[in-house]
Amino acid sequence: MLTSMTKTDFQKPKTVEEAVTLLKEAGDDARPISGGATLVALMNARLVQPSRLVSLSAIDELTQCTYQSDGSVRIGAMRRHRQTAFESNLKAAHQVVSGAASQIANPPVRNMGTIGGSISFADPAADYPPSLVAANAEIEIAGPEGRRRIPAEEFFLGWYETALEPGEIVTAVILPPVSESSVGQYEKLCRIAGDFALASVAVTIDFNASNTVTSLRLAVGGCGGGPIRVEAAEQALIGTKLELDAVVDAAELVVAELDPIDDVRGSAEYRLKVVPRLLQRAFNNLVETREPAQ
Ligand SMILES: Cc1cc2nc3c(=O)[nH]c(=O)nc-3n(C[C@H](O)[C@H](O)[C@H](O)COP(=O)(O)OP(=O)(O)OC[C@H]3O[C@@H](n4cnc5c(N)ncnc54)[C@H](O)[C@@H]3O)c2cc1C
């Protein structure tokens with residue numbers, strides 16, 4: 001028999017340690033709640049019935065985005081998508097993440113949803129996951145055993161599955177230092193404005209003074225259970241100036257690594273046609289926004 005929503009115990013701790021303790025006390029039926037954009041809808045549909053909700057909204061450290069002395073940026077898990085979209089600390093290649101945030105859903109969802117909630121839910125069509133892989137981000141996690149950090153690439157394990165262990169919460173996303181000459185771009189195609197991605201691509205690139213690519217990371221979203229990084233394509237583009245031939249060849253390497261499914265948003269075949277065009281658009285936009293070589 002379904003239990004009533006009124007029996008859910010609600011807690012609003014002030015520290016991460018307190019939140020972890022409250023989750024541990026209540027066991028497997030407890031859930032952290034951040035923006036509630038997804039969790040409240042799941043509860044309203046009676047798909048989940050937590051015995052305890054632990055709100056992360058009053059934990060000060062989770063609400064901050066800070067530029068660290070080593071050039072890395074720490075985005076607290078409770079940062080709303082709207083805040084990340086307009087975040088002044090995100091410059092150069094880090095803009096792949098603000099670009100992803102700005103394309104999530106619509107203004108009400110961007111005002112409500114958080115980066116911690118989004119990546120913990122790990123929807124395969126969500127916008128942050130490929131951007132965080134392309135940005136070489138690390139995810140900071142807190143649990144009963146303390147804190148740990150793992151690369152975004154190892155955090156997303158598959159369809160709605162992450163490396164979070166029971167009782168753990170995401171506390172921050174850490175973006176590594178980047179050079180001023182680096183750039184980042186996120187491109188997404190959706191059926192209607194405000195929808196999840198049918199397919200998406202995220203790229204970060206660094207160039208030398210003559211506009212040759214010296215490093216590049218590339219990830220695809222919406223074409224599998226999680227973000228897919230294609231290292232063969234990255235290697236093929238390093239040393240080029242992103243000439244059309246090089247991009248077309250790299251796009252073939254990307255498509256060879258994808259194994260999308262048919263779903264309500266589009267067929268697998270369509271996705272495989274869309275991804276090369278998104279890549280082309282990402283590179284075109286990046287090249288256009290760069291200063292000409294000296
Ligand atoms: C109409 C609509 C359209 C949307 N469109 C898009 C879109 O285009 N692109 C996109 O990327 N997303 C989209 N979303 C999802 C949106 O980005 C949500 O913000 C996100 O899925 C959940 O974030 P939240 O902070 O609201 O999390 P919540 O709803 O509070 O929580 C979601 C889940 O994560 C868990 N959780 C929350 N915070 C943490 C944490 N810090 N650590 C561990 N677990 C945690 C909760 O227990 C719950 O299981 C859409 C959502 C809606 C409702």
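**View 1. Thr 38 makes a side-chain contact with the ligand.** In this predicted model, a polar atom in the side chain of Thr 38 lies 2.8 Å from an oxygen atom of the ligand. Ala 37 uses its backbone: an N or O atom there also sits 2.8 Å from a ligand oxygen. His 81 places a side-chain N or O atom 2.9 Å from an oxygen of the ligand. A polar contact here is a pair of N or O atoms within 3.5 Å. The protein covers 88% of the 970 Å² of accessible area that the ligand has on its own (Shrake-Rupley method, 1.4 Å probe).

**View 2. Thirty residues are around the ligand.** Pro 32, Ser 34, Leu 39, Thr 114 and Asp 127 come nearest. A residue is near if one of its heavy atoms lies within 4 Å. The shell divides into 14 nonpolar, twelve polar and four charged residues; Gly counts as polar, and Asp, Glu, Lys and Arg count as charged.

**View 3. Helix α6 gives the largest share of the shell.** That share is five residues. The elements giving two or more residues are β2 (30–33), α6 (115–121) and β10 (169–175). Helices are DSSP runs (H or I) of at least four residues, and strands (E) of at least two.

**View 4. Two domains contribute to the shell.** Domain 1 (60–175) and domain 2 (183–288) each supply at least three residues. Their bounds come from an automatic or database domain assignment.

**Notes.** Residues are numbered from 1 along each chain as its sequence is written, and side-chain values use heavy atoms, without hydrogens or water. Local features need pLDDT of at least 70, side-chain atom pairs count only at pLDDT 80 or more, and totals for chains, interfaces and linings use all residues.

Technical notes. A polar contact is a pair of N or O atoms within 3.5 Å; within protein, one must be able to donate a hydrogen and the other to accept it, and residues adjacent in sequence count only if both atoms are side-chain atoms.
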